[in-house]
Amino acid sequence: MNLYDPERDRVRIAGRWLRWGLKWVAVPAALGIFVSGNLDAHALPLLGPERETAVLFQDGQAYFGHLDDSGEGGTLLLRDAYYFADAKGAPTGLSVGLVKRGTEAHEPADGMRVNRDKVLALEQVGPSSPVAVAIQAERDIDHESASVLSLNRRTVGSAQVLTLQRTAAEHDIQRGYAAATDQLAKLNELVLPVTKAEAQVISQKAVADLRAVRRNALAALALAFGTNANDAQAYANATEALLEGQTFTNEPGVLLAPDLNAVVSRATQLYTQVGDVYAKQLTEPKTASPSPSPTPSPGPRP
Amino acid sequence: MMGRYRRVVGWIRAHRILLRDSALAIAVFLAAFFFTQWWDFTIPSLGRAPYQAVFLANGQTYFGRYYDRIGAYAKIEDVYYLQQVSGNDASQAPDTRLVRRGGELHAPTHRMLIPKTAIQFVEDLTDASPIAQFMTQDHR
């Protein structure tokens, strides 16, 4: 008579428990750890707010975007990337401006593969930080819609954000204009090699050109917001009248959306070019002949 | 109505073991999920100072609560760094001050991940360290 009862075999019982434990405990626990390791509880996919990551490089550059660091290789993938460009001396009052990756001469496609060895640090961008707000405004300007079903939902700027950005850009354009006219006025206070009457004519032309730059910049701003050409011109004329005479010197700087920043940067470049041209006319003595004289001039040229 | 109710109760009775095991699996999944969120793959280190100085490959130094983690990244929480501020007088040496990270244009959260390859070395700050004292006071 066989006394062996497989139901009472300790090895078999242990095996049954192990199989049960693997199926109902170990696998869910491993899954929980894996999912949690790749998720941020503060920005859950589908439900939570957008998770924007700052990638700080060892050479001092900073990029912002949707980071995918799930791969075990040494490469990170950064999508929808933005970065800081130097903007010292810009009328925004900030030392950097935000630029969208993809607008460079080589027009790279979306998705930067970043070597982890070159990364200094990763940080979460604050959802209401100037960088996040500028990115949200840029998406709105580019007519991107907020994604509904996405692992990392894109947020689009509200009407209030857009108004703040437009106002800040208008003020930046006016600040650049005020700085350029101020520079011109300071130049007129110097002893110039041209007569007072000539200096006045040159200065009037300079101010007219600077105004044209300001008006065109305001129109470009309206076009960036999707206004048609006629309305943009009307907006520029109306806004120019409101801005006239204001300096906004004590206003805190606002980080602009890349498209608005490009308009302000272009206007600043043109203000400088116009200022340089007329400064040259004001400070260069008139010569009888356009050809350079072989004899050295008696005094140092300014 | 009663027939439907009985069918449901009957189905629950017939599958009670499967339901019990599934509920357990969900509970284990959630427990593992929240435990990992709290744990954050950090490696516990006993007897260390509350604050550390982290010297990085590019010459920068961050101060804060340093945690070694499983994987490619280490973590610093409540990060501070030294900032040099030049005054109006160019002949004077710039002032150095300790700044809490978070007020930058991207307003980062208090957690910073650093690839281990970017770290040169880490040092504990003693209780007498003026930087540690400043950070302790700042947290109060």
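Two strands pair if DSSP finds at least two bridges between them. Helices are DSSP runs of H or I with at least four residues, strands are runs of E with at least two, and both are numbered from the N terminus.

With that in hand, strand S1 (residues 53-57) of chain A is joined by four bridges to strand S2 (residues 62-68) of chain A, and the two run antiparallel. Before going on, the ground rules. What you see is a predicted model, in which local features need pLDDT of at least 70, side-chain atom pairs count only at pLDDT 80 or more, and totals for chains, interfaces and linings use all residues. Residues are numbered from 1 along each chain as its sequence is written, and chains are lettered from A and ligands numbered from 1 in the order in which they are written.

Back to the strands. S1(A) and S2(A) form a hairpin with four residues between them. In the turn, Gly60(A) has a positive phi of about 100 degrees. Leu56(A) has Ala62(A) in S2(A) as its bridge partner. S2(A) is in turn joined by five bridges to strand S3 (residues 75-86) of chain A, again running antiparallel. There, Leu67(A) has Leu78(A) of S3(A) as its bridge partner.

Now chain A as a whole. Chain A has six helices and six strands, and along the sequence they follow the pattern α-β-β-β-β-β-β-α-α-α-α-α. Its C-alpha trace spans about 135 × 45 × 35 Å along the principal axes. The radius of gyration of chain A is 31 Å, where a compact globule of 302 residues would have one near 19 Å. That radius is taken over C-alpha atoms, and the globule rule is 2.2 Å times the number of residues to the power 0.38.

Next, the domains, whose bounds come from an automatic or database domain assignment. In chain A, domain 1 is 53-141 and domain 2 is 159-283. Their C-alpha centres lie 29 Å apart. How many residues of each domain are in contact with the other? The count is 19 residues of domain 1 of chain A and 20 residues of domain 2 of chain A, where contact means that the C-beta atoms, placed from the backbone, lie within 7 Å. On the domain 1 side, the elements that give two or more residues are strand S4 (96-100) and helix H2 (130-141) of chain A. H2(A) gives the most, with nine residues. That side has 12 nonpolar, four polar and three charged residues. For these classes, Ala, Val, Leu, Ile, Met, Phe, Trp, Tyr, Cys and Pro count as nonpolar, Asp, Glu, Lys and Arg as charged, and the others, Gly among them, as polar.

On to the helices of chain A. Helix H3 (residues 159-189) of chain A packs against helix H4 (residues 196-224) of chain A at an angle of about 170 degrees, with the axes 10 Å apart. Axes here are lines fitted to C-alpha atoms, for helices over the stretch in contact, and angles run from 0 to 180 degrees between N-to-C directions. H3(A) and H4(A) are therefore roughly antiparallel (an angle over 145 degrees). Among the residues making this contact are Ile173(A) and Leu184(A) of H3(A), and Val207(A) and Leu210(A) of H4(A). The contact divides into 12 nonpolar, three polar and three charged residues.

H3(A) also meets helix H6 (residues 258-283) of chain A, with axes that come within 10 Å and cross at roughly 10 degrees. H3(A) and H6(A) are therefore roughly parallel (an angle under 35 degrees). Ile173(A) and Leu184(A) take part on the H3(A) side here, and the H6(A) side includes Val264(A) and Tyr271(A). By class, this contact has 15 nonpolar, five polar and one charged.

Finally, chain B. Chain B has three helices and six strands, running α-α-β-β-β-β-β-β-α from the N terminus. Its radius of gyration is 26 Å, against a value near 14 Å for a compact globule of 140 residues. Chain B is divided into domain 1 (2-39) and domain 2 (52-139), with centres 47 Å apart over C-alpha atoms.

Where do the chains meet? The contact takes 28 residues from chain B and 28 residues from chain A. On the chain B side, helix H2 (16-39) and strand S5 (111-115) of chain B are the elements that give two or more residues. H2(B) gives the most, with 11 residues. That side divides into 20 nonpolar, six polar and two charged residues. Strand S6 (residues 119-124) of chain A pairs with S5(B) in the antiparallel sense over two bridges, and Leu122(A) has Leu113(B) as its bridge partner.

Methods
Parallel < 35°, antiparallel > 145°, perpendicular 65-115°, else oblique. Contact = placed C-beta atoms within 7 Å.
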